[in-house]
Amino acid sequence: MDKTTYRQRDPSLAARAFARAAMLVVCALFPIFPFAAAAQEAPQAPQEQSLPKGALPADAAAASSPLAPIAEQSPRQTFMSFHRLLTRAEDSLLTAIRLTGENDAIFDTPEVDALKQQAINSINRATSTLDLSQVPPANRRTVGLSSVLLLNEIFDRIPLPDPESIPDTGMIGDGTAIRGWTVPGTEIRMVRIDRANGEPRFVFSSDTVRRLPEFYARVKYLPGRTNGDLDFYQSFVLGPGLSMPLELYRYVLNMPTWMLDDYYEQAVWQWLGFAVLTLVTLGVVFLLLRWEMHRPTTTNAVGRSFRHIVAPLLIIALLSGYRWINDNLINLTGDVLAGLELVVLVFQAIAIAAVIIMAFNAVATLIIAMPHLRKESLDASLIRLALRVIGILVAGYVLALTAAKIGIPLYGIIASLGVGGLALALAVRPTLENFIGGIILYADRPVRVGDFCKFGSMLGTVEAIGLRSTKVRGLDRTLITVQNAEFSQMSITNFTRRDSNLMQATIALRYETPDDKLSEVVEAIDTMLRSDDRVKTETVRVCLRGLGSYSLNIEIWGYVKSADWTQFLKIQEDLFKQVIGIVRERGCLFAFPTQTTYLGADPFIDGDAGDLRRRIATETLVTGTAAEATSGNTAPGTN
């Protein structure tokens, strides 16, 4: 449309053109205007004017309530409902324009906002007469907006059928247009889509919605039936969004003519605004990422984890503002806006998924940082894994919903994940085995970090229990890594889990010890152990256990109330010193391995030879130990 011609036409006609151009821009604003505005008392919209010949009359009865369902039970009802809703939206905006011209306010008054809300409600309901099932959910508002305006512009340029000739509910019952109806002389078709209760509903087909730009290109050079050669669709496409006050809207339309030239359904000023806004947004995103990479790090793991979330959150907010300005201020339309919506939605979904994963990781770090939880324990590993898995699942759900919004079938995604999951499970079977082994270790808890244990033929202290392997520090200070699948199947002896330690020793007294002294030593040691609070009384046993090759062996048996090995050795050392004192106090001596040589005359003497031949016989006693300790050390005896 020639913008100069548009500005020079009759003011009332220009106002109506302005309203028709703006009425579909306003439908993009429903998230912005509070719904409470609709409850304010607004000026009454003017009564619908009589229509030119060939146009359809408004159905006042159907408009009596804003909650009344749209009449779509027949092609006639759908056709009339579409026209009525657009006429009501146009009249509301005409009233808003008139009120704006009557005052000097730069910003819209509450009355004007209420009229905008009425237009929003009418246009939203008009889009329900279209079958948008083949349009990605993310683009349905944008496509519905453009399609309603295109369809209305097409109807304004072609001969319309007599309303009485359009099939009504009675004709449908007689078998006429039972599955649909085509506007005579066109390829614009309505199809029947039954509701859940079986009630018929006629809407403009998805194929018609898809081909509306093609139909419009064929008729846009024809004069309009209601407003001559004014092209309301072009006015909508090339004008700004109605988020700007209506007063400022007029100034935009008065820009130089070359700024309003149309290129790919967008004006030059819109392309310039879009380019500048895109460059600014990319620059801010770059600065945010650079700031995130170069800002000073903190040694606090919890603080560091939560700080990583800030940049993605700012990017999400920035993308939302970027899309809103392009849609509601610059007023991009058509395929450009639809593509922009999909791109912004994808990047926002990626950023949201990243925030979710980072948030769950930060929560895991916060829990693991608690004083009572060791960072390398199996509990910490499982908490970290569980929260990470939950975060990944939630992020995946967000991405799946986003894929569904942009038109990728969700069931296809789930099916591909099932096949991919099976292939992945086969490929990472060893890892899964180790993971299951880690779960078994967590369930049974045979060891914990810091436990000294024996597994297989090795001894060592557990240093870390992961989801894949367990690390043990050996006695020679080497680090042993055992796969969880193997470790969970071993016979594990956990020395740290002992509630007490066994003190077992055998002391050896010399055979020269008198019987009464031997009995005193046994009784004194037994009494000493039973009276010591560090020893479990019921486990004490002291008795003459055997007769050795060179000693009388007394066995000492009892459990010390100490699970700590180092502390047990100290207690055992003190008890052994008391045993030594008891033996010495009673004048007894410890036996030690001895060797005795006996010299004697040979009983056979050769008297006739007159000389005595002697024979030396050596007898060696069996050597034993004077005292044996459970620690494996040998205490030498004293003589």
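**View 1. Strands β8 and β9 are joined by five bridges and run antiparallel.** Keep in mind that this is a predicted model. Strand β8 covers residues 469-474, and strand β9 covers residues 479-483. To find one of the pairings, look for T470: its bridge partner in β9 is V482. Now follow the chain through the hairpin of β8 and β9, where four residues lie between the strands. Here you'll meet R477, which takes a positive phi near 70 degrees.

**View 2. On to the pairing of β7 with β8.** Strand β7, made of residues 458-465, is antiparallel to β8, and five bridges join the two. For a landmark, try G460: standing opposite this glycine is G474 in β8.

**View 3. Helices α6 and α14 pack with their axes 9 Å apart.** Helix α6 is residues 140-155, while α14 spans residues 334-368. Which way do the two helices run, roughly parallel or roughly antiparallel? The angle between them is about 170 degrees. Angles over 145 degrees count as roughly antiparallel, so α6 and α14 are roughly antiparallel to each other. On the α6 side, the contact is made by R141, T142 and S146. Helix α14 brings G334, L337, A338 and E341 to this contact.

**View 4. Here's a nonpolar patch on the surface, about 420 Å² in area.** Its makers are V343, V346, F347, I350 and L399. Which helix gives the most to this patch? That's α14, with four residues. If you'd like a starting point, pick out F347, which is found in α14.

Definitions and conventions:
Residues are numbered from 1 along each chain as its sequence is written. This is a predicted model: local features need pLDDT of at least 70, side-chain atom pairs count only at pLDDT 80 or more; totals for chains, interfaces and linings use all residues. Side-chain values use heavy atoms; hydrogens and water are left out. Two strands pair if DSSP finds at least two bridges between them. Patches are made of residues with over 30% relative accessible area and no salt bridge: like charges are joined within 9 Å, nonpolar side chains (Val, Leu, Ile, Met, Phe, Trp, Tyr) within 5 Å. Accessible areas come from the Shrake-Rupley method with a 1.4 Å probe; for residues, only the protein chains shown count as cover. A salt bridge is a side-chain nitrogen of Lys or Arg within 4 Å of a carboxyl oxygen of Asp or Glu. Axes are lines fitted to C-alpha atoms, for helices over the stretch in contact, and angles run from 0 to 180 degrees between N-to-C directions. Angles under 35 degrees count as roughly parallel, over 145 as roughly antiparallel, 65 to 115 as roughly perpendicular and the rest as oblique. Contact means heavy atoms within 4.5 Å.
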